[in-house]
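Trainee: Please take a close look at one part of this model, the nonpolar core, and set it in the context of the whole chain.

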Amino acid sequence: QVQLVESGGGLVPEGKSLRLSCTASGSIFRIISMGWYRQAPGKERELVASINSGGGIEYADSVKGRFTISRDNAKNTVYLQMSSLKPEDTAVYSCNSRAYSDYKTWSDYWGQGTQVTVSS
C-alpha cells in the first residue's frame, strides 16, 4: 500500500498564495505520476495539475499561469504552488499518485484531501 499525506490548505484572501505538499510513503516500487485534483461543492472532481516520472506536466486551463506543480523525486513529494488565488479556486484539493507497488502491479492512490478556501 501507498499512503499520501497532504498539507498546506487553509483560508486566504483573493489574490494571495498557498503551497500544497503531498508526500508518498509505503510500498512504493516506482511512482508513475503525482498530481492534484479538486472538487468544489456541487461540482465534479477535476484535474488541477499532474507531473509524471519523465517530468511531463499537465494543467487545467483554469489554473495555467497561476499554479505551478513541482516534484522532489528523492522525497516522493509533489508541491502545488498556487498564486493569484480566486474564490472559484475554493475546493477540497486531493493528492493523487499512480504508482507501482511491485514490478508489475500499479494502482491509483489518494490523499485524504485538504480544504482551500479563497475569500473575496
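**The core and its setting**

Mentor: The chain exposes about 6400 Å², of which carbon and sulfur atoms supply 46%. Keep in mind that this is a predicted model. Of the 120 residues, 38% count as buried, and the core is drawn from buried residues.

The largest nonpolar core has 29 residues, and those touching the most other members are Trp36, Leu80, Met82 and Tyr93. Several strands give two or more residues to this core: β1 (2–7), β3 (18–26), β4 (30–39), β5 (46–52), β7 (67–72), β8 (77–82), β9 (91–100) and β11 (114–119). By residue number, Trp36 falls within β4 (30–39), Leu80 and Met82 within β8 (77–82), and Tyr93 within β9 (91–100).

Tyr93 is worth following in detail. Leaving out residues up to four places away in sequence, Tyr93 touches Glu6, Leu20, Trp36, Tyr37, Arg38, Val48, Phe67, Leu80, Met82, Gly113, Thr114 and Val116. Trp36, Leu80 and Met82 are therefore among the contacts of Tyr93, a contact being heavy atoms within 4.5 Å. The list also includes the charged residues Glu6 and Arg38.

The setting is made of strands: the chain has 11 of them and zero helices. Its radius of gyration is 14 Å, close to the 14 Å that the globule rule gives for 120 residues, so the chain is as compact as a globular protein of that length. The C-alpha atoms fill a box of roughly 50 × 25 × 25 Å along the principal axes. Among contacts with a separation of 6 or more, 55% join residues 24 or more positions apart. As for charge, the mean positions of the 13 positive and 11 negative charges are 4 Å apart.

Two loop residues on either side of β8 complete the picture. Asn76 lies in the loop between β7 and β8, and its phi is near 50 degrees, a positive value in a residue other than glycine. With a relative accessible area of 24%, Asn76 is partly exposed, because the buried class ends at 20%. Ser84 sits in the loop between β8 and β9 and also has a positive phi, about 50 degrees, although it is not a glycine. Ser84 counts as partly exposed at 40% relative accessibility. The strand between these two loops, β8 (77–82), is one of those that give two or more residues to the core.

How values were computed
Residues numbered from 1 in each chain as written. Predicted model: local features only at pLDDT ≥ 70, side-chain atom pairs only at ≥ 80, totals over all residues. Heavy atoms only, no water. Helix = DSSP H or I, 4+ residues; strand = E, 2+ residues; numbered from the N terminus. Rg over C-alpha atoms; globule rule 2.2 N^0.38 Å. Buried < 20%, exposed > 50% of the residue type's maximum accessible area, 1.4 Å probe, protein only. Areas by Shrake-Rupley, 256 points an atom, 1.4 Å probe, with all protein chains shown as cover. Lys, Arg positive; Asp, Glu negative; His and termini not counted. Charge placed at Lys NZ, Arg CZ, Asp CG, Glu CD. Core = buried A, V, L, I, M, F, W, Y, C linked by side-chain atoms within 4.5 Å.
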